[in-house]
Amino acid sequence: MEEKHKLCEKVRQQANIESIRERTHLTAEDIAYLLSRSISVAYKILNDLNSDLEAKGYYTVRGRVPKKFFCDRFNIPYESVS
């Protein structure tokens, strides 16, 4: 349990709204922070989003998803994270 708590704290330190606003792509840590979910759930979401992009013919980078695409799919105002 202690190890899980340390991992959650690490995510909170790495992913904060200021660092998210500076970048064009999101990582699993960012997604976990924005959706208040675990890292494993965030990786599942990330993989699903990348699969959707690949199906549309886009190239993807493992471990990253465009912030705009993420916001569109989760109905989050883009201005709130940019």
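This report describes the nonpolar core and the aromatic rings of a predicted model.

The largest nonpolar core has 16 residues. Those that touch the most other members are L26, I31, A42, L49, V65, F69 and F70. Three helices, α3 (28–35), α4 (39–55) and α5 (67–74), each supply at least two residues of this core. Helix α4 gives the largest share, six residues.

I31 shows how parts of the chain meet. Leaving aside its neighbours within four places in sequence, I31 is in contact with L26, A42, I45, L46, V65 and F70. One of these partners, I45, is found in helix α4. The C-alpha atoms of I45 and I31 are separated by 8.2 Å, and the two residues are 14 apart along the chain. Not counting residues up to four places away in sequence, I45 touches I31, L35 and F74.

A search of the whole structure finds one aromatic pair. F70 and F74 form this pair, which is tilted, with 4.9 Å centre to centre and 35° between the planes. Both residues lie in helix α5, four residues apart, about one turn of the helix.

The table lists the relative accessible area of three residues discussed above.

| Residue | Relative accessible area | Class |
|---|---|---|
| I45 | 15% | buried |
| F70 | 0% | buried |
| F74 | 32% | partly exposed |

F70 counts as buried because its relative accessibility, 0%, is under 20%. F74, at 32%, is partly exposed because its value lies between 20% and 50%.

Another ring has a charged partner: the charged end of K68 sits over the ring of Y78, 5.6 Å from its centre.

Note on methods
Residues numbered from 1 in each chain as written. Predicted model: local features only at pLDDT ≥ 70, side-chain atom pairs only at ≥ 80, totals over all residues. Heavy atoms only, no water. Core = buried A, V, L, I, M, F, W, Y, C linked by side-chain atoms within 4.5 Å. Buried < 20%, exposed > 50% of the residue type's maximum accessible area, 1.4 Å probe, protein only. Contact = heavy atoms within 4.5 Å. Phe/Tyr/Trp six-rings, centres within 6.5 Å; stacked < 30°, edge-to-face > 60°. Lys NZ or Arg CZ within 6 Å of the ring centre and 35° of its normal.
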